[in-house]
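Biologist: Could you walk me through this model, starting with a single residue and then moving to the empty spaces inside?

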Amino acid sequence: MAQERKKKAGVLPPDGGWGWMIVAGCFVVTVCTRAVTRCISIFFVEFQMHFARDYSGTAWIHSLVDCTTMLCAPLGSLIGNHLSCRVAVILGGFLASIGLVLSSFATSLEYLYLSLGVLTGLGFALCYTPAIAMVGIYFCERKSLAYGIAMSGSGIGTFILAPVVQMLIEHYSWRGALLILGGLVSNLCVCGALLRPITLKEEEACPLPVDSECGYSTKPLVAISPAEEKQLEAERSKQQRDSKQRCLQSMQEYHFLLMPDFLVLAGSFLFLASGCSLPFVYLVPYALDVGVSHHHAAFLMSILGVIDIVGNITFGWLTDRRCLKKYRGICYMVAVGMEGLCCFLIPLLHTFALLVPFSVLYGYFDGAYVALIPVVTSDVVGTTYLSSALGVVYFLHAIPYLVSPPIGGWLVDTTGTYTATFFLSGFALLSSALLLCTANIIRHYQRVQRNRSKKPTLEQCEAQQADFYTTKNKDLLIINTATS
């Protein structure tokens, strides 16, 4: 009984203990989802040559994986909230593994659109959001560091998988490489088993809905006495009250959608998603186009991935410092803006030696902002609604992820160069940072004006002082008159 009361009352975020196993599980989830998605760009030239298609048509594969992962992110949040994050990740791992295995038997690009793009992307969606949300539930004080370590799986996975995938393609063809990746991704089911659910004290005040009852009775009609009828009426009214309460809770679960700060953040994410995926899709084809060898082109992705780790962990650790904790939003804007500036420089880089610094800088700032997305979102909506908010955030990435790589491919087909594609990426990333910067400046100006209007002026103070002494003199005069 004591244990049941403890579970019902909830606990504080452990900030350690089993939380580090949650971080480890989320780390492997990011390896098997985001790193594998990035490595699909290594298959780009193989798919293009095998199926004899143009850049735009081939780019739809990567677009569909990213789009389905983000578009179905709310579904992952829904399953995680109503069943458990453990169930969502295990189910997602199974679907993603099946999708990659089926892709190894592809006979056309359209086949890959469904198997690799839709089925694998759906599996990644069910894994990604619940695993990330679990880290935010287990950590409070060291949240940025925990997210930095967990999200670094994307960089470490890219660093290791990029040359491995290239080697697998050379030895077993792209079909064998996809089959082996399917076996690797099946480890998501093991990661799901690590996600032990807990109930926080914050969630008791506003619990998430756990079922879909509507208060209607499904029992067959039988003859009942007046006393039983009164009892049934009381139960029915209680069920109706419970139904209304659950509806209010469901509305409250997504009330953050009306917050001005979240709306600005959502607009920024739309610009971010429009630009961040293009370099990952077209870096390897661009390197091959300027004369870099296949191994060196794959090595650029490895460099980008390993520096991504440094960005994840260092920015996570720095923004947990007391002096920088209240400036997390500014750190996020700086990372996104610098990433955009890097994209404007890449058309000037035509050798492997010059592309290495780009991979270093772009990878570092990419890792920095990726680690801060859940942190910044949590700062805006709070821990209680983090899972639902992350589902919406990643849902907003879906359409840009779907359309931006084909648009980039169309620009390459039309212009014959990659310059317009990388300029489009840089413009979108800078727009994302500038939108948040403008909103922060306006908010700061409004705060200053509000404080200034509340602060009394010198004339107001003198008038209040004069009124005080006038009232006091009148009171003394009345007292003296009464005494005399």
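Modeller: Happy to; this is a predicted model, and we will take one residue and then the cavities.

Biologist: Is T68 buried or exposed?

Modeller: T68 lies in helix α4, which spans residues 55-71. Its relative accessibility is 9%. Since buried means under 20%, T68 counts as buried.

Biologist: Which residue has its backbone oxygen 3.2 Å from a polar atom of the T68 side chain?

Modeller: Leaving out residues up to four places away in sequence, T68 touches G117, V118, G121, L122 and A125. Among these contacts, the backbone oxygen lying 3.2 Å from a polar atom of the T68 side chain is that of G117.

Biologist: Nice, now the voids. How much space lies in the largest cavity?

Modeller: There are three cavities of 30 Å³ or more. The lining of the largest cavity gets at least two residues from each of α2 (19-39), α4, α13 (260-289) and α16 (352-381). The space in this largest cavity is about 270 Å³.

Biologist: Which residues are closest to the centre of the largest cavity?

Modeller: By class, its lining has 11 nonpolar, five polar and four charged residues. Of the 20 residues that line the largest cavity, the closest to its centre are R34, R38, Y369, V370 and Y401.

Biologist: And how many charged residues are in the lining of the second largest cavity?

Modeller: That cavity holds about 80 Å³ of space. Its lining consists of I42, V45, E46, Q166, I169, V284, L288, H294 and A297. By class, they divide into six nonpolar, two polar and, for charged, one.

Note on methods:
Residues numbered from 1 in each chain as written. Predicted model: local features only at pLDDT ≥ 70, side-chain atom pairs only at ≥ 80, totals over all residues. Heavy atoms only, no water. Helix = DSSP H or I, 4+ residues; strand = E, 2+ residues; numbered from the N terminus. Buried < 20%, exposed > 50% of the residue type's maximum accessible area, 1.4 Å probe, protein only. Polar contact = N/O pair within 3.5 Å; in protein donor to acceptor, adjacent residues only side chain to side chain. Contact = heavy atoms within 4.5 Å. 1 Å grid on protein atoms, 1.4 Å probe; cavity = no way out; pocket = protein on both sides within 12 Å on 5 of 7 lines; lining within 4 Å. Points joined across faces, edges and corners; volume = space filled by probe spheres on them. Nonpolar A, V, L, I, M, F, W, Y, C, P; charged D, E, K, R; others polar.
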